[in-house]
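Student: I have a sequence and a model open, and I would like to learn how to read it. Could we go through it feature by feature?

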Amino acid sequence: MIKNSDFTYQYKLELEQIMSQYETKRAALLPVLNLAQEKYGSLSPEIEKAAAEYLDLPLMQVREVVSFYTLYHTKLKGKYHFQVCRNMSCHLLGCEEIIEYLKTRLSIDVGEDSEDGRFSLSTVECLGACEIAPMMQLNDRYIGPLTKESMDEILSKILSEQKI
Ligand code: FES
């Protein structure tokens with residue numbers, strides 16, 4: 001179980017740097033959650049609690065933020081997390097076809113993780129990169145415009161352990 005003290009001890013310098021940029025602890029909630037997710041891979045209930053204690057916030061407030069933003073997840077995701085945008089521009093330019101194609105290629109449905117822990121597939125709201133629609137976020141990279149061919153290329157790089 002992760003405690004507030006574990007989190008603050010291990011990431012003291014990074015947390016101090018974040019806190020120095022904000023006037024109040026409350027204002028630093030998103031960057032603190034970003035750091036926690038980057039370090040632990042997901043925001044489990046223990047991590048939410050540690051973040052709430054560290055920031056002197058009610059746990060419920062942290063939970064609401066975590067459940068509101070699609071960039072946060074409460075369960076560990078696969079090594080490759082495909083998050084395809086389903087908003088207007090991406091929708092008009094064919095994201096549904098890309099999602100269907102990915103479902104087939106990854107053998108998982110939206111919201112699922114592959115059994116080997118390699119892949120996760122999610123859909124998200126506009127990521128603010130409509131100029132490259134249809135697009136997705138693959139781990140921390142934005143990629144688009146997506147086509148079946150570009151998906152094949154990405155998947156073959158992943159499968160042959162090459163850098164994407
Ligand atoms: S609609 Fe997909 S990035 Fe904006």
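**Strands, helices and cores**

Tutor: Start with one residue pair: valine 84 stands opposite methionine 136 in S3. Keep in mind that this is a predicted model.

Student: In what sense do strand S1 and strand S3 pair, and over how many bridges?

Tutor: Strand S1 covers residues 80–85 and strand S3 residues 136–138; they pair in the antiparallel sense, over 3 bridges.

Student: What is the order of the strands in the sheet?

Tutor: The order is S2-S1-S3-S4, in an open sheet of 4 strands with mixed pairing. An edge strand is one that pairs on one side only, and here strand S2 (119–124) and strand S4 (141–143) are the edges. From one strand to the next, the twist averages 25 degrees.

Student: Which helix lies across S1 and S2?

Tutor: Helix H7, residues 95–106, which runs at about 155 degrees to S1.

Student: Which residues of the largest nonpolar core touch the most other members?

Tutor: A nonpolar core is a set of buried nonpolar residues joined through side-chain atoms within 4.5 Å. This one has 26 residues, and Phe82, Leu102, Leu106, Met136 and Leu138 touch the most other members. At least two residues each come from S1, H7, S2, S3 and helix H8 (148–159). H7 gives the largest share, 5 residues.

Student: What is phenylalanine 82 in contact with, beyond its sequence neighbours?

Tutor: Leaving aside neighbours within four places in sequence, the contacts of phenylalanine 82 include Leu102 and Leu106, Phe119 and Leu121, Met136 and Leu138, and also Met151, Leu155 and Ile158. Apart from this core lies another, of 23 residues, with Tyr11, Leu29, Leu43 and Ala50 among them.

Student: At what angle do helix H3 and helix H4 pack?

Tutor: For a helix pair, read the angle, the axis distance and the handedness. H3 (residues 29–40) and H4 (residues 45–55) pack at about 145 degrees, with axes 11 Å apart, and their crossing is right-handed. Leu29, Val32, Leu33, Ala36 and Tyr40 in H3 meet Ile47, Ala51, Tyr54 and Leu55 in H4. By class, that contact has 9 nonpolar residues, no polar and no charged ones.

Student: Serine 42 lies in the loop between H3 and H4. Is serine 42 buried or exposed?

Tutor: The cut-off for buried is under 20% relative accessible area. Serine 42 has 7%, so serine 42 is buried. Not counting residues up to four places away in sequence, serine 42 touches Ala36, Gln37, Ile47, His73, Thr74, Lys75 and Leu76.

How values were computed
Residues are numbered from 1 along each chain as its sequence is written. This is a predicted model: local features need pLDDT of at least 70, side-chain atom pairs count only at pLDDT 80 or more; totals for chains, interfaces and linings use all residues. Side-chain values use heavy atoms; hydrogens and water are left out. Axes are lines fitted to C-alpha atoms, for helices over the stretch in contact, and angles run from 0 to 180 degrees between N-to-C directions. A crossing is left-handed if the near helix is turned anticlockwise from the far one by less than a right angle, and right-handed if clockwise. Contact means heavy atoms within 4.5 Å. Ala, Val, Leu, Ile, Met, Phe, Trp, Tyr, Cys and Pro count as nonpolar, Asp, Glu, Lys and Arg as charged, and the others, Gly among them, as polar. Two strands pair if DSSP finds at least two bridges between them. Buried means under 20% relative accessible area, exposed over 50%, partly exposed in between (1.4 Å probe, protein chains only).
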